[in-house]
Amino acid sequence: MNGGGGGGPPPAPPGPPGAAAAGTASGGGGAGTGIIPDSVQRAAELSLITDNRYGAQMLAQHAMMMTTMGNGGIGPAAAGGGSTQYSQMQQLHHHQQHHQSQQQQRQSQPPQYDAGYVLNPDGTPLLDHHYRPIPLQKLLQTRPLRSDVSTRPGPGNMKLTYMSGEVVTRTLNELFGFGGWCMEVRQTTREECKQDSKGRYMVHYTATVRITHVASGSYREDVGANDSIDKSLGSAVANAMKGAVTDAMKRAARHFGEKLGNSLYDSKFSLKHAPMTLKAALETYDLDRNRATFFEKD
């Protein structure tokens, strides 16, 4: 009963929510006009934000359906206002493809870590026994490992501890990276050159060397000396000069921290005090820090 308002056809049953929204948005274009259903819109957004595979698949299926409908004459081209929504769907599809491409590029590139940490050759941070990245400054303040320290006879039957030039170079590479430091020979000077009674040449050289940490630009500089005796003047000069440069390099490196040899200048340091492993070196450092007294009481 319509209360005498006329005998028109009964109202059509309500359609699905997507169809009602489509008819309103397209200016009466009806169903199949290419309007993006809410579920597909949400799937597209989800695929862009989280790279959700279900959302991406749903988005691709709807785009294919819209293309098929357009080819049949009832899609966006025939729907009037539906062409705008179809263009929006295409843009969403392109954005989703661009997002996936960027994510694949990020996955293929190794992550970059701050230069404040000690890095492995592959660029990942060196981890301690608690699986935490090791700060460069902390490792520099640990004592050198026992395997890195050698001894030689000294004056008064003393045993002198030292680090060879090979060990210092290897440690610099491990701490700063192969391209993370550079060495410059600032000066070499022949201090003395004379022959003894046997005709051998006695040559003494000094050298000044600077080591620079590339990332920070900070550098350390020191001098070294060495002498050599040989029947050949060339051999005596070469050995004296090389020894002086190596000595200066080691002395400059020690100013970066205990691990690079500064510990060896402590009168209390001996070979038995050198840690055996990196774990022991880090634990000893933590204990020393906890026992350190920064303020003296009256």
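**Exercise 1.** Is Ser263 buried or exposed, and what is its relative accessible area?

*Solution.* The model is predicted: local features need pLDDT of at least 70, side-chain atom pairs count only at pLDDT 80 or more, and totals for chains, interfaces and linings use all residues. Residues are numbered from 1 along each chain as its sequence is written, and side-chain values use heavy atoms, with hydrogens and water left out.

Step 1. Apply the cut-offs: buried is under 20% relative accessible area, exposed is over 50%, and partly exposed lies in between (1.4 Å probe, protein chains only).
Step 2. Ser263 has a relative accessible area of 5%, so Ser263 is buried.

**Exercise 2.** Place Ser263 in the fold and list its surroundings.

*Solution.* Step 1. Helices (H or I, at least four residues) and strands (E, at least two) are DSSP runs, numbered from the N terminus. Ser263 is in the loop between α7 (233-253) and α8 (278-291).
Step 2. With contact taken as heavy atoms within 4.5 Å, and neighbours within four places in sequence set aside, Ser263 touches Arg143, Pro144, Glu258 and Phe269.
Step 3. The side chains of Ser263 and Glu258 make a polar contact at 3.2 Å. Such a contact is a pair of N or O atoms within 3.5 Å; within protein, one must be able to donate a hydrogen and the other to accept it, and residues adjacent in sequence count only if both atoms are side-chain atoms.

**Exercise 3.** Find the aromatic pair and classify its geometry.

*Solution.* Step 1. Rings of Phe, Tyr and Trp (its six-membered ring) pair if their centres lie within 6.5 Å; planes under 30 degrees apart are stacked, over 60 edge-to-face, and the rest tilted. This rule gives 1 aromatic pair.
Step 2. The ring centres of Phe176 and Phe256 are 5.5 Å apart and the planes are at 70 degrees, so the pair is edge-to-face.
Step 3. Phe176 belongs to helix α6 (residues 165-176) and Phe256 to the loop between α7 and α8, so the pair ties together parts 80 residues apart in sequence. Both Phe176 and Phe256 are buried.

**Exercise 4.** Describe how β1 and β2 are joined.

*Solution.* Step 1. Strands pair if DSSP finds at least two bridges between them. Here 4 bridges link β1 (residues 150-153) to β2 (residues 159-162), and the strands run antiparallel.
Step 2. Thr151 has Thr161 in β2 as its bridge partner.
Step 3. The two strands form a hairpin with 5 residues between them, and Gly156 in the turn has a positive phi of about 70 degrees.
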